[in-house]
Amino acid sequence: MVVVIGGGCTGLGVAWDLILRGVPVTVVEARELGSGTSGRFHGLLHSGGRYAVTDPVSAKQCRQENEVLRRIAPSAVESVGGYFVSVDDGVESYMRDWIAGTQSAGIPVTEVSVETAIRRLPGLNPRVQRAFAVADAVLKGFELLDLLRVNGERRGVTILTETRVTQVQTVNGQVSGISVRTKDGERRIPCDAVVNAAGPWAGQVAQLFGERVQMELSSGLMLIYSNRMVPSVVNRLAPPGDGDIVVPHGRTVILGTTEVPQVDPEPPEPTRESAEYLQSLGQAMFPEMNRWRILRAFVGVRPLFEGNGVVPQSRVSRDFTVVDHGRQGGLQGAFSVMGGKWTTFRLMGERTADVVVEYLHQSSPSISAHTVLEPDAPREKHSASSTICECERVSEAQLLDQMAEPFDNWRTRTWFAMGPCQGTMCAHRAVSLRMQYTDVEGGLDELTNLRRERERGVRPVAWGTNARELALTEALSCQTLAEGVAHDHLR
Ligand SMILES: Cc1cc2nc3c(=O)[nH]c(=O)nc-3n(C[C@H](O)[C@H](O)[C@H](O)COP(=O)(O)OP(=O)(O)OC[C@H]3O[C@@H](n4cnc5c(N)ncnc54)[C@H](O)[C@@H]3O)c2cc1C
C-alpha cells in the first residue's frame, strides 16, 4: 500500500493515477482537501500561452493537459476562452517571440481585431494594440478536487482528512509505515511506499524521512471582484509579471497575481499596500477596475522546488520535479513530487506513479488521461427549500445534504458565504441549522472562525464603499448577533 501525504491536487492526482493501475492508496491530509495552495489559486486552466516564451516545455504540457482535462472532467472546466492583449508600447519583439513560441508548442492562436476584442471584453483599455484569442478556460478547483475524491473513493482510495503525518517509519532502509496524529490521538499505518505531495510543506515532510529538499516558495496575491465583469480570461501580452491575468470565476472575477519570495509555507496575510499595487497593475488592462466592487483579497503559496543537489527522477519541465529518494542514496520507497501547476496535476500524478510502480515491481501503464471522472450521483436527500445564502442562492436542502461535512467544506462545496456579503447574513443561519440537525459541538466557534477567515480577506481591501460595508458587517455581528468583534480600527 502507498501513502500519499497531502490532499491537494497533486496528492489526489497521484492517488488517482495509482488506483487506476491497481495500486492500493491512502491519502493523508493534515487539514481538509484543498486547504493548501490548491484552494488558493487563480482558477485558470492554462492554454499554455503564458509560458510560450519563458518555458516552452511547460507551455506544451499545459496545452496537452488543457485538452485532457476538458475530456476527463468536463463539469470542472468552463470553456470561457481567453485573450492575450498588448497594451504596452515596446513589446513588439516579445510579441514576435510569443507568436513563434505558441506555434512551436502547438497552441492554437487566432488574432482578432481590436474592435472585436473591445466589443467582447467590455471595459478593455481602448489603447489595446493587438489581441489574440486562445483556449484558456476556467478550472473549478474545488469541484475537480471533489471529483477526484468521489472517483478515488469509489475505486478504493482511502482518504484521511484532519490527519497529520508526524513520522515515517523504516525497516532496513525501506519505508515500512507512517505515524499520524488526529484529534483522537496517534496511530500507525503500515505501508510500502510514501509519496510526499505536500506542496509548500514538502520540505518539512521530507525531513520526516531524513531528506533535505530545498523549496523555493513565493506567495501570490489575488483580488476577487463581485460580478462577472469580464466574460473571458484576459492576459496581458508582455513578459509574465505581476497583475497580468483576469479570470472570470462563478459570479466573480479574479485579478492576479504577485510573486513575493517567502520561507514559511503558510500564506501570509494580504496587505492593503499589495492590494493597491495589484489593482493598479490590473488597470492597465481594465482602466475602470478601481471602480469595480472588490469582495476580498487572498494569498496562495507556490510550491516550487529549488534543487539543493537532489537529482530529480523525472524533470519533464523546469516547473515540476519527481524525486525517488531511494535512488539518490536515501530512504527506499520515499518519493517527492514538487512544483507544477493545477493545470498539469494529472501529468504530475502520472509521472510520479510511473516511478512508484517501478519501485513496487509492477508494470501497469497509466490510464488517467483517458478515464473520465464521473460526477457523484445527486444526493437529494432533503427537500427543504428555504434559502440560507441569498448571495450565492444556496438552499437549506443543499446544506442539509452536506451535514456530515466539516463547516468549511460547506463553503467550498456549496459556495455559501462566498458572495458579496461574505457570510454576514447567512453564516449564523447556517450554524443554527447545523446545531439543530447534528450533535456537533462548538457551533459558535465555527461561526467565529468563519467570520475571522472571511474578515482576513476583506480588511486589506476595505477602502471606499468596502470600508463602509465592513463597518456594517461588524456592527451587525457585534450588536445584532452579540458576537465579539474587534472594531477599534473603524473608529
Ligand atoms: C497565487 C497562485 C496562483 C496560481 N494560479 C494557478 C492557475 O491559475 N492555474 C494553475 O494551473 N495553477 C495555478 N497555481 C499553481 C497551483 O495552484 C499549485 O501548483 C497547486 O495548487 C499545488 O498543489 P499541491 O497539491 O502540490 O499543494 P497543496 O494544494 O498546497 O497541497 C499540499 C497539502 O499537503 C498538506 N500537508 C502538509 N503537511 C502535511 C502533513 N505533515 N501531513 C498531511 N498533510 C500535509 C497540506 O495541508 C496541503 O493541503 C497558482 C499558484 C499560486 C500560488
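This is a selection-by-selection tour of a predicted model.

**The main core**

Start with Leu18 and Leu144. Within the largest nonpolar core, which has 47 residues, these two have the most contacts. Next select helix H1, residues 9-20; with eight residues, H1 gives the most to this core. Now colour domain 1 (2-36 + 142-214 + 306-370) and domain 2 (70-136 + 217-298): both give residues to the core, so the core lies between them.

Go back to Leu144 and show its surroundings. Setting aside residues up to four places away in sequence, Leu144 touches Leu69, Ala73, Ala76, Leu139, Trp342, Phe345 and Leu373. Another core, of 31 residues, lies apart from the one just viewed; Leu121, Met289, Ala297 and Val299 are among its members.

**Helix H8**

Phe345, one of the residues touching Leu144, is also among the buried residues of H8. Select the whole of helix H8, residues 345-359. Its 15 residues should span 21 Å at 1.5 Å a residue, and the end C-alpha atoms are 21 Å apart, which agrees. Is H8 enclosed or open to the outside? Eleven of its 15 residues are buried, so the helix is largely enclosed by the rest of the structure. The buried set is Phe345, Arg346, Leu347, Met348, Gly349, Glu350, Thr352, Ala353, Val355, Val356 and Val357. Step on past the helix to His361, which follows H8 and has a positive phi, near 60 degrees.

**Strand E15 and its partners**

Select strand E15, residues 233-236. In a regular strand the side chains alternate between the two faces of the sheet. In E15 both faces are covered: Val233 and Asn235 are buried on one side, Val234 and Arg236 on the other.

Add strand E5, residues 82-86, which pairs with E15 in the parallel sense over four bridges. Then add strand E16, residues 245-249; E15 and E16 pair in the antiparallel sense over two bridges. Centre on Val234 to see both pairings: Tyr83 stands opposite Val234, and Val234 also stands opposite Val246 in E16.

**The loop before E15**

Pro231 is in the loop between strand E14 (215-226) and E15. At 35% relative accessibility, Pro231 counts as partly exposed. Which residues is Pro231 in contact with, leaving aside neighbours within four places in sequence? They are Val80, Arg120, Leu121, Pro122 and Pro248. For a distance label, join the C-alpha atoms of Pro231 and Arg120: they are 111 residues apart along the chain and separated by 7.9 Å. Leu121, another contact of Pro231, is a member of the 31-residue core.

**A three-stranded sheet**

Select E3, E8 and E4. These three strands form an open sheet in the order E3-E8-E4, with antiparallel pairing. Strand E3 (44-45) and strand E4 (77-78) are the edge strands, each pairing on one side only. Two bridges join E3 to strand E8, residues 137-139. Within this pair, Leu44 stands opposite Val138 in E8.

**The cysteines**

Finish with the cysteine sulfurs. How many disulfides does a search of the whole structure find? The search finds zero. For Cys9, the nearest cysteine sulfur is that of Cys62, 12 Å away. Cys9 counts as buried, at 6% relative accessibility. For Cys391, the nearest cysteine sulfur is that of Cys421, at 4.0 Å; a disulfide needs the sulfur atoms within 2.5 Å. Cys391 counts as partly exposed, at 25% relative accessibility.

Key: Residues are numbered from 1 along each chain as its sequence is written. This is a predicted model: local features need pLDDT of at least 70, side-chain atom pairs count only at pLDDT 80 or more; totals for chains, interfaces and linings use all residues. Side-chain values use heavy atoms; hydrogens and water are left out. A nonpolar core is a set of buried Ala, Val, Leu, Ile, Met, Phe, Trp, Tyr and Cys residues joined through side-chain atoms within 4.5 Å. Buried means under 20% relative accessible area, exposed over 50%, partly exposed in between (1.4 Å probe, protein chains only). Domain bounds come from an automatic or database domain assignment. Contact means heavy atoms within 4.5 Å. Two strands pair if DSSP finds at least two bridges between them. The expected span of a helix is 1.5 Å times one less than its number of residues.
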